[in-house]
Amino acid sequence: METWDAIRSRRNTREYSDKPVAREDLERILEAGRRAPSSTNWQPWDFVVVTARDKLQALSEVWQGAGHVATSQATIAVIAPAEETDFSRQYLLYDLGQATALMTVAAADLGIGTAHAASKNQDVARKVLGLPDDKVCAFVLSVGYPADRPLAPVQNPERRPFEEVVHWSRW
């Protein structure tokens with residue numbers, strides 16, 4: 001798939017088929033996250049890949065909007081440093097967002113769906129993922145083939161109009 005088609009095909013997939021995702025495809029998705037731009041090349045992320053069904057079901061409890069994790073073929077937990085300052089938090093969230101976004105586009109390029117969710121319940125995350133005390137689970141990214149329809153470029157996305165969003169030279 002071309003990059004532009006992958007960007008236009010990416011959508012949140014919350015229901016997955018039973019088709020397994022090949023390890024080499026998961027590694028390619030993870031490599032996209034690893035290569036993400038990072039402020040001062042900080043690279044504050046770590047990724048924990050969960051594929052066991054019982055752990056996916058448990059991990060879906062990290063937030064009320066993470067139910068899609070339970071039916072995914074894999075979920076990538078995006079791990080961050082636990083200690084941060086107000087200053088570093090700005091960079092941290094931006095960097096983690098870039099890593100997550102690149103993983104979603106890389107997955108779409110392979111015809112694999114994704115959906116992201118916050119991770120609010122750190123007790124559940126720590127229990128399932130075995131995190132050290134100096135790490136937290138910031139987000140989860142479920143991965144799998146869409147159950148409803150294959151990914152394809154969306155011609156008319158439900159987005160604010162281009163002319164409303166883009167301002168040339170000034171507001």
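## Helix α5 and its neighbours

Contact here means heavy atoms within 4.5 Å of each other. With that cut-off, the buried residues of α5 pack against four elements: β1 (46–50), α3 (53–59), β2 (74–81) and β4 (135–144). Keep in mind that this is a predicted model.

Which residues of α5 are the buried ones? The helix runs over residues 122–129, and its buried residues are Gln-122, Ala-125, Val-128 and Leu-129. They sit on the same side of α5, because the arc they cover around the axis is only 130 degrees. Flip to the other side of α5 and you find Asp-123 and Lys-127, both exposed.

## The two ends of α5

At the N-terminal end, Asn-121 acts as the cap of α5. One of its side-chain oxygens lies 3.2 Å from the backbone nitrogen of Asp-123. So Asp-123 turns up twice in this picture: its backbone nitrogen pairs with the cap, and Asp-123 itself is exposed, given that exposed means over 50% relative accessible area.

What comes after α5? The helix is followed by Gly-130, with a positive phi near 65 degrees.

## Helix α2

Now for α2, which covers residues 23–34 and has 12 residues. From first C-alpha to last, α2 reaches 16 Å, close to the expected 16 Å at 1.5 Å a residue.

The buried set in α2 is made up of Asp-25, Leu-26, Ile-29, Leu-30, Ala-32 and Gly-33. These residues are on the same side of α2, since they span an arc of only 150 degrees around the axis. Arg-23 and Glu-24 are exposed on the other side of α2.

As for partners, the buried residues of α2 pack against β1, β2, α4 (86–109) and β4. Strands β1, β2 and β4 also appear among the elements that the buried residues of α5 pack against.

## Rings and a charge

How many aromatic pairs are there? The count comes to 1. That pair is Trp-45 with Phe-47, and the rings are stacked, with 6.5 Å centre to centre and 10 degrees between the planes. The label follows from the angle, because planes under 30 degrees apart count as stacked.

Is Trp-45 buried or exposed? Trp-45 has a relative accessible area of 7%, so it is buried. Phe-47 comes in at 22%, which means it is partly exposed; the cut-off for buried is under 20%.

There's also a charge over a ring to look at: Lys-19 lies over the face of Tyr-145, at 4.2 Å from the ring centre.

Key. Residues numbered from 1 in each chain as written. Predicted model: local features only at pLDDT ≥ 70, side-chain atom pairs only at ≥ 80, totals over all residues. Heavy atoms only, no water. Buried < 20%, exposed > 50% of the residue type's maximum accessible area, 1.4 Å probe, protein only. Arc of directions from axis to C-beta. Polar contact = N/O pair within 3.5 Å; in protein donor to acceptor, adjacent residues only side chain to side chain. Expected span 1.5 Å × (residues − 1). Phe/Tyr/Trp six-rings, centres within 6.5 Å; stacked < 30°, edge-to-face > 60°. Lys NZ or Arg CZ within 6 Å of the ring centre and 35° of its normal.
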